[in-house]
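Biologist: Please take a close look at one part of this model for me, the place where two helices pack against each other. I would also like to know how that part sits against the strands around it.

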Amino acid sequence: PAMAPVSHNLVALLSAEGNAQAARAKETLFPPFERSLHGIGTDRFQPGSGVAVLSSPGRALIPLICGELLDRRLVRRGVHAGGTLLTVSARDHYQAGSAQAAWQVLAHLRLRASEFGVPAVDASLEGQAAIVATDGEVLARSAPGAPAGLLSWSRQTGARDRAPTPRPEVV
């Protein structure tokens, strides 16, 4: 019999050309949106396993997905595996338009950065993005109502909100 397809909520590391170099599937699935609990919700995704760090030129990334930021165990594992930058990729639909929810996410990001001594970045499709130093200082944060929670930062120009660039259609 054919095996049923498996769905994962994952983050991928892409080359400059857009080719996937490595990926990590979300391990900590939250009920009832990603997995069922006591008969409530559905098992939409299978949990990932094992990958603590994704290697990028010049950085060893500790890639978390959305609410995994709440799971200290994943950050600790990434730091012990040599991770030097905590990254959080999220949709954050619940955060859209809520100053309190945005503050809570930023507070968790600051806590993890200072707790584990690694800088942290948060990119969000519907929430606010942030860049945080190892001591928890917020270096940059996207503006409320920005087109997407994506931003860039440099010492020369500071923070700049970014809109995602649509991928060209493949012919």
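Modeller: This is a predicted model, and the protein averages a pLDDT of 82, with 85% of the residues scoring at least 70. Confidence is highest in helix H1, at 95, and lowest in strand E9 (residues 150-154), where the mean is 70.

The packed pair consists of H1 (residues 72-80) and H2 (residues 99-116). Two packed helices are described by the angle between their axes and the distance between the axes. Here the angle is about 40°, and the axes are 11 Å apart. That angle makes H1 oblique to H2, since angles from 65 to 115 degrees count as roughly perpendicular and those under 35 degrees as roughly parallel. The crossing of the two helices is right-handed. On the H1 side, the contact is made by Arg72, Val75, Arg76 and Val79. H2 contributes Arg112, Glu115 and Phe116. Sorted by class, the contact of H1 with H2 holds four charged and three nonpolar residues, and no polar ones.

Both helices also lie across strands. H1 lies across E4 and strand E5 (85-90), and runs at about 165° to E4. H2 lies across E5, strand E6 (120-124), strand E7 (130-132) and E8, and its direction is at about 25° to E7. E5 is thus crossed by H1 and by H2.

These strands belong to an open sheet of six, in the order E3-E4-E5-E6-E7-E8, with mixed pairing. Strand E3 (54-56) and strand E8 (138-141) stand at the edges; each has a single partner strand, so one side of each is left without a neighbour in the sheet. On average, neighbouring strands of this sheet are turned by 20° against each other, direction ignored. Strands of a sheet pair through backbone hydrogen bonds, either parallel or antiparallel. At the E3 edge, E3 and strand E4 (residues 59-65) run antiparallel and are joined by three bridges. Within that pair, Ser55 stands opposite Ala60 in E4.

Another antiparallel pairing is that of strand E1 (residues 10-14) with strand E2 (residues 20-25), joined by five bridges. Leu13 stands opposite Ala22 in E2. The hairpin of E1 and E2 has five residues between the strands, and in this hairpin Gly18 takes a positive phi near 90°.

Definitions and conventions: Residues numbered from 1 in each chain as written. Predicted model: local features only at pLDDT ≥ 70, side-chain atom pairs only at ≥ 80, totals over all residues. Heavy atoms only, no water. Axes fitted to C-alpha atoms, helices over the stretch in contact; angles between N-to-C directions. Helix = DSSP H or I, 4+ residues; strand = E, 2+ residues; numbered from the N terminus. Parallel < 35°, antiparallel > 145°, perpendicular 65-115°, else oblique. Left-handed = near helix turned anticlockwise from the far one by under 90°. Contact = heavy atoms within 4.5 Å. Nonpolar A, V, L, I, M, F, W, Y, C, P; charged D, E, K, R; others polar. pLDDT = per-residue confidence, 0-100. Pairing = 2+ DSSP bridges.
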